[in-house]
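Visitor: I'd like a close look at one part, please: aromatic rings that pair up, and what surrounds them.

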Amino acid sequence: MTWLTLLMLTAAVPATGDSAARPISLADAVSLAERNAPAVVQAEGQKRSSAAGVRAAYAAFVPSLSLSAGASRQVPAGAGQQRILNGQVITLASEPWTYSTGLSANVDLFTGGQRIFALGQARAQVGVADANLVAQRFGAVLAAKQQFFNVLAARESEVAAAAQLDQAQQQLHTSILQLRARLVTRSDSLRSVIAVHNAQLALTQARVALAQADASLTRAVGTSDLVTAAPNDSLDRPGLAVSDEALGALAENGPGVQQAASSLGAARSALRSSWTTYLPSLSASYSRRGSGLNSDFTLAEEGYAYTGSLSFSVTFPIFNQLQREQQVTEAQVARDNAAAALRDARLAALESLTQSLGAFHAAEEQVAVQTATLEAAEEDLHEQQIKYQVGTSTLLDVLTSQTTLNQARHDLIQARYNQRVAKAQLEALVGRSL
């Protein structure tokens, strides 16, 4: 039975290090990461704050209203009573309670377009928050997938170490039989014992790595109970659903580029808003107030005297110590920085696409090469073991073949892991599943 066949059969059974962990599928890991990752929670909060900013920008077109009410009592109370205050005799009022109510409204009629530009800036910030949320979600998904694939690689390493231990034990048994038949020296059996101990050490290290990978996956998905990768996801097909040319178009419009484009739109709106400070502003206000006196505490409005006023004001700043010029300059600098960031985001997306796509195709070829190498190494070890049994080969030849086989297994596991991670990186870059 080849090691690849053994790996496929073992994938259906949880490994030893997974006995206390709850298996979850890759889809479950992605869903949990999208919901529980701290970066995603913060991005969702930013989105809610941006939406509140849009509502506040719309509300700036609506008048503001305020109500006021008050009551005060002069102490000591009593009609006609007198008291001395600062050497003067004061006669207390017969109605010690004083009441007041008021209603006021204010609205800006013209602000040079500042509210319109502020609304555009708030909408652009919503776009920034949306793109950031998508980017953070795929970042969390990438981290969860990497840890999920770490579990798969650790489990495959445990299977490989178990196969290595089984082969070493078989070789030790053969060496003992050869020693009893006086066909080999005692050093062969001792070397076989060392090979068994090395295989046991490799198995222990693989199980420790699997336990660590389970803990890292649990943190990545944000669950309180220990989880591990479901065995049925061990035989995934990490191919790409789109062509390389389509990936280029998707990368140029990925989450990072969209976020930079929205930031540029917000910076442009802020620049237009800064120019409105050179224009006059017109505002209107209305107020109605009432006041009255009473001898008792009451909510009645008898005796209230009301006054109302409607006023308009125009403000035209002539010179404000170059503060407007400073605001315009800062807004221009922010716009230029945002434009440069957008250009760099597009170039960075193309650079990342080239790296991740190259890594994916290289890992894809490496998987094919290492699969063939592994089959050749297994066949070579089998031939060396037969030759050793009939005395035409030495134990050194067998151990060399075993070492080559162990390395081929390790290289295949690493190539499979690299291919999986490269695909996840491409998905995070373009902002969609592939």
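Guide: Sure, and one bit of vocabulary helps: a residue is buried under 20% relative accessible area, exposed over 50%, and partly exposed in between (1.4 Å probe, protein chains only). This is a predicted model, where local features need pLDDT of at least 70 and side-chain atom pairs count only at pLDDT 80 or more, while totals for chains, interfaces and linings use all residues. Residues are numbered from 1 along each chain as its sequence is written, and side-chain values use heavy atoms, with hydrogens and water left out.

Now for the rings. Searching the whole structure turns up two aromatic pairs; rings of Phe, Tyr and Trp (its six-membered ring) pair if their centres lie within 6.5 Å, and planes under 30 degrees apart are stacked, over 60 edge-to-face, the rest tilted. One pair is Phe148 with Phe149: their ring centres are 6.3 Å apart and the planes stand at 85°, so this pair is edge-to-face. Phe148 has a relative accessibility of 1%, so it counts as buried. Phe149, at 5%, is buried because that value also falls below the cut-off.

The other pair is Trp275 with Tyr278, and here the centres are 5.7 Å apart with the planes at 35°, so the pair is tilted. Trp275 has 44% relative accessibility, so it is partly exposed. Tyr278 comes out as partly exposed too, at 27%.

Let's stay with the two Phe residues and look around them. Both belong to the largest nonpolar core, which has 29 residues, and they are among those with the most contacts inside it, along with Ile24, Val151, Leu217 and Val221. Such a core is a set of buried Ala, Val, Leu, Ile, Met, Phe, Trp, Tyr and Cys residues joined through side-chain atoms within 4.5 Å. Several elements each give this core at least two residues: helices H2 (26-36), H3 (38-59), H4 (114-180), H5 (186-221) and H9 (395-430), plus strand E6 (227-229). (Helices, H or I with at least four residues, and strands, E with at least two, are DSSP runs numbered from the N terminus.) H4 gives the largest share, 11 residues.

Which residues does Leu217 touch, not counting those up to four places away in sequence? Phe148 is one of them, and the others are Ala144, Gln147, Val151, Val227, Thr228 and Ala229. Touching, or contact, means heavy atoms within 4.5 Å.

Phe149 has a neighbour to meet as well: Val421, over in helix H9. Leaving out residues up to four places away in sequence, Val421 touches Phe149, Leu142 and Gln146. Val421 is buried, at 8% relative accessibility. Also, Val421 and Lys145 are 276 residues apart in sequence, yet their C-alpha atoms are 7.4 Å apart in space.

Zooming out a little, a second, separate core holds 21 residues, including Ala161, Val367, Tyr388 and Leu399.

And the whole picture? The protein has nine helices and eight strands. Of its 434 residues, 37% are buried. Take the contacts between residues at least 6 apart in sequence: 83% of them join residues at least 24 apart.
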